[in-house]
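User: Hey, got a minute to walk through this one with me? I'd like to start with how you decide what's buried.

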Amino acid sequence: MWRILVILIAYLLSACSTSPTSKQVAEFGKSADAAVAIVKDARSAEVDLVRERTIERQACGFLRGSPIVLAAKPDGALSPNLGPQLELLGAISDYAAALSKATDPQLMADAEAAAGALSDSMVAFAGNLPSASSSPLIGPAMQLVSTVAIDVIEMEMRARLRKVIQQTDPFLRTATTKLLEDLGPVQKDIAGAFVQWKRARACSLEYMRANPGTPRSDLYASFKDADSVARQFQQRITVLDSSPAVLGALLQAHFNLLNGDVDIEISLQKLKAIVKNLEELKKALAPVPVNS
Amino acid sequence: MITNSEAINALSKATFALYDAYGAAKDAQKTKILRLIHILNREHHALLGLDPHNEDKGYSALTQEFKKSTALVDQVRQDAEQFIRSVKIAAAVVSTLGEVATLLA
């Protein structure tokens, strides 16, 4: 009978220790943050590039004797505002944060501590009753009930979370596909603006180099400056180019929440605690030897 | 014959692989990959018994779906917190009753 009880409880524990683990939820949160950062920078990188390109074009015109135009308006159209995309990603981030709070191991630790305190209080209370002839049994029984009750609560909580994740997964697939679709043209526009910026900057550099009056040190400094700015833009473009991988990782991290492995360590810890409770209960139930 | 769950797993793996391929693809290939991802998304919806037209939802509708999910997750956490509070109160009540019993004994 005891063996059947242990097997039954072990089965319950293995079920309640499956997905989503706090580590998996943290992975999902990180992916969501990375996607938000990329989409935010997509817009600002394009704004920066178009502005810099305009300035470079005006500067080259100035060097070549064209009319002076200061603070010229950007000479190219920007991609549509990514507001709705950012709002959606913000909602995904909030969802990841909520999952992180709901799977915080501290929450279950608090529940276990509260249940432990309740079972201790009940044992102490029962000890004070005059007719507590069965008091040796009450302690282990209370501990067993509280341990199993907390596991059942945890299992129910995880089952509810799992259902929400399952329901949300198809929407995340649609969301990442839409983002992938919409970021493609933005990436293309940014890459185009970068090529044009480089061309405009090269125009000024060529003019300076062709002018024999330009000191070599100025030419060197101008080249170094242009190269440094180009590298910064190049770096931002490389990050933007990783957006399909980031969105894929976001999708995969969410899917993993539904397919988490059993947390063996937690299961074993709980199983040991329950076996200990059962042993104490068994001891309490054993007939007391009568001294002859 | 494979189960629904196996089909979803296989379909998901194919989707993740397409995301990986998309990054390195040329423009014409990207269009084809996107088309394939849409098809897989619709199949995923169908396997879950959902309306395949969910795939056509706009940003605003999708944002609302995530807000709903967040509210449901928050509800689970709040219920757990409420349970902890109730157990703590019960422990305090039993402890007080124990003290009263000691005084009366």
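Analyst: Sure. Buried means under 20% relative accessible area, exposed means over 50%, and partly exposed is in between. Keep in mind that this is a predicted model.

User: Okay, let's try that on E65(B). Buried or exposed?

Analyst: E65(B) comes out at 14% relative accessibility, and because the cut-off for buried is under 20%, it counts as buried.

User: Where is E65(B), and what does it touch?

Analyst: E65(B) is in helix α3 of chain B. Leaving aside residues up to four places away in sequence, E65(B) touches F171(A) and K57(B).

User: Let's zoom out to chain B. How many helices and strands does it have?

Analyst: Chain B has 3 helices and 0 strands. Reading from the N terminus, the order is α-α-α.

User: And what's its radius of gyration?

Analyst: Chain B has 26 Å, whereas a compact globule of 105 residues would be near 13 Å. Along the principal axes, its C-alpha atoms fill a box of roughly 85 × 40 × 30 Å.

User: How much of chain B is buried?

Analyst: 35% of the 105 residues of chain B count as buried. The chain exposes about 6200 Å², with carbon and sulfur atoms supplying 61% of that area.

User: What about long-range contacts in chain B?

Analyst: If you take contacts between residues at least 6 apart in sequence, 36% of them join residues at least 24 apart.

User: Switching to charges. How many salt bridges are there over all chains?

Analyst: The structure holds 17 salt bridges over all chains. Side chains of opposite charge can pair when their charged atoms come close.

User: Give me one in chain A. What does D225(A) pair with?

Analyst: D225(A) forms a salt bridge with R201(A), and the closest N and O atoms are 2.4 Å apart. D225(A) lies in helix α6 (residues 216-241) and R201(A) in helix α5 (residues 135-210), so the pair ties together parts of chain A that are 24 residues apart in sequence.

User: How accessible are those two, D225(A) and R201(A)?

Analyst: D225(A) counts as partly exposed at 41% relative accessibility, while R201(A) counts as buried at 13%.

User: Anything like that in chain B?

Analyst: Yes, D74(B) forms a salt bridge with R77(B), with the closest N and O atoms 3.5 Å apart. Both sit in helix α3 (residues 59-104) of chain B, 3 residues apart, which means they are separated by about one helical turn. D74(B) is partly exposed at 22% relative accessibility, and R77(B) is buried with a relative accessible area of 12%.

User: Which residues are linked in a network of salt bridges?

Analyst: D41(A), D48(A), R51(A), E52(A) and R236(A) are linked that way. One of the bridges joins E52(A) to R51(A), with the closest N and O atoms 3.6 Å apart. R51(A) counts as partly exposed at 39% relative accessibility.

User: New topic: aromatics. How many aromatic pairs over all chains?

Analyst: The search of the whole structure finds 6 aromatic pairs over all chains. Among them, Y95(A) and F66(B) form an edge-to-face pair, 5.8 Å centre to centre with 70° between the planes. That pair crosses between chains, from Y95(A) in helix α3 of chain A to F66(B) in helix α3 of chain B.

User: Are Y95(A) and F66(B) buried or exposed?

Analyst: Y95(A) is buried, with a relative accessible area of 0%, and F66(B) is buried with 0%.

User: Got another aromatic pair?

Analyst: F255(A) and F16(B) are edge-to-face, 5.8 Å centre to centre with 65° between the planes. This pair crosses between chains too, from helix α7 (residues 243-258) of chain A to helix α1 (residues 4-24) of chain B. F255(A) is buried at 9% relative accessible area, and F16(B) is buried at 7%.

User: Which residues do ring pairs link into a cluster?

Analyst: F28(A), Y95(A) and F66(B) are linked into a cluster by ring pairs.

User: Last one. Which residues form a nonpolar patch on the surface?

Analyst: F62(A), I68(A) and L70(A) do, with about 380 Å² of accessible area together. L70(A) lies in the loop between α2 (22-63) and α3 (83-102) of chain A, and L70(A) is exposed, with a relative accessible area of 74%.

Technical notes: Residues numbered from 1 in each chain as written. Chains lettered and ligands numbered in written order. Predicted model: local features only at pLDDT ≥ 70, side-chain atom pairs only at ≥ 80, totals over all residues. Heavy atoms only, no water. Salt bridge = Lys/Arg side-chain N within 4 Å of Asp/Glu carboxyl O. Buried < 20%, exposed > 50% of the residue type's maximum accessible area, 1.4 Å probe, protein only. Helix = DSSP H or I, 4+ residues; strand = E, 2+ residues; numbered from the N terminus. Patch = residues over 30% accessible without salt bridge, like charges linked within 9 Å, V, L, I, M, F, W, Y side chains within 5 Å. Areas by Shrake-Rupley, 256 points an atom, 1.4 Å probe, with all protein chains shown as cover. Rg over C-alpha atoms; globule rule 2.2 N^0.38 Å. Contact = heavy atoms within 4.5 Å. Phe/Tyr/Trp six-rings, centres within 6.5 Å; stacked < 30°, edge-to-face > 60°.
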